[in-house]
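Student: I am new to this structure and should like to be guided through it. May we proceed by question and answer?

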Amino acid sequence: MRTGWAAQNRCYAARAMERVLVLNASYEPLNVCSLRRAHVLVWKGRAEILECHDRPLRSATTSFQRPNVIRLRTYVRVPRAVTRRISRRVLFARDGWQCVYCGSESNRLTLDHVVPRSRGGTSVWENVVTSCAPCNHRKGDRLLEETSMKLRRTPRPPTPVLFIRLTTEQIPDIWRSYLPGLEAVAAA
Ligand SMILES: [Zn+2]
């Protein structure tokens, strides 16, 4: 049992070493990339290493720092609407796993279009929300102003920190200071 756990932990650690946190030139978190990609970015001079692992990266003839957190040298603009496809998991996490209309956490959660598709609403982050099944049913094909229901908060595209939280099994401690608002993000 104990050996199994240790082996699993080593496996975890090995996988974590293969993932690198990427910050924009502004120090805002952007995404997580593979060690290989991070190394190429650094090697080409397009990124600098902010944090690295003790164990170096070795090739046949030389060794390099093994990046853990890197920062791009030039600012990149992220077309969020394009790159961040809508998924229920991310949507529910963005809304704190609560219905945006009544605040319920216990009812079955569904995806609701604030402006229904039948009324011209589109599937963009600003128009989709987490709704419990009863609220979704009650609202039906109506616009909000045709009901007495209210949004508890304005829907916005999720932040990169949310995506990083949802796609990383275990956030390395050293990343935490680069991920503002991480604690507020509910992943489960
Ligand atoms: Zn509800």
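Student: Are the two faces of β6 covered or uncovered, and which residues show this?

Tutor: The model is a predicted one. In it, strand β6 spans residues 128-132, and 5 of its 5 residues are buried. On one side these are Val128, Thr130 and Cys132, and on the other they are Val129 and Ser131. Both faces of β6 are therefore covered, by the count that calls a residue buried if 20 or more other C-beta atoms lie within 10 Å of its own.

Student: Which residue of β6 is the bridge partner of Asp112?

Tutor: Strand β5 covers residues 109-113 and pairs with β6 in the antiparallel sense, over 5 bridges. In β6, the residue bridged to Asp112 is Val129.

Student: In the open sheet of 4 strands, which strands stand at the edges?

Tutor: The order of this open sheet is β2-β1-β4-β3, and its pairing is mixed. A strand at an edge has a single partner, so one side of it is left without a neighbour in the sheet. The edge strands are β2 (29-34) and β3 (47-58).

Student: Which residue of β4 is the bridge partner of Glu51?

Tutor: β3 pairs with strand β4, residues 63-72, over 8 bridges. The sense of this pairing is antiparallel. Within β4, the bridge partner of Glu51 is Val69.

Student: What angle does the direction of helix α2 make with that of β4?

Tutor: Helix α2, residues 35-43, packs on the sheet. The strands that α2 touches are β1 (19-23), β2, β3 and β4. Its direction and that of β4 make an angle of about 85°.

Notes:
Residues numbered from 1 in each chain as written. Predicted model: local features only at pLDDT ≥ 70, side-chain atom pairs only at ≥ 80, totals over all residues. Buried ≥ 20, exposed ≤ 12 C-beta atoms within 10 Å, placed from the backbone. Pairing = 2+ DSSP bridges. Contact = placed C-beta atoms within 7 Å. Axes fitted to C-alpha atoms, helices over the stretch in contact; angles between N-to-C directions.
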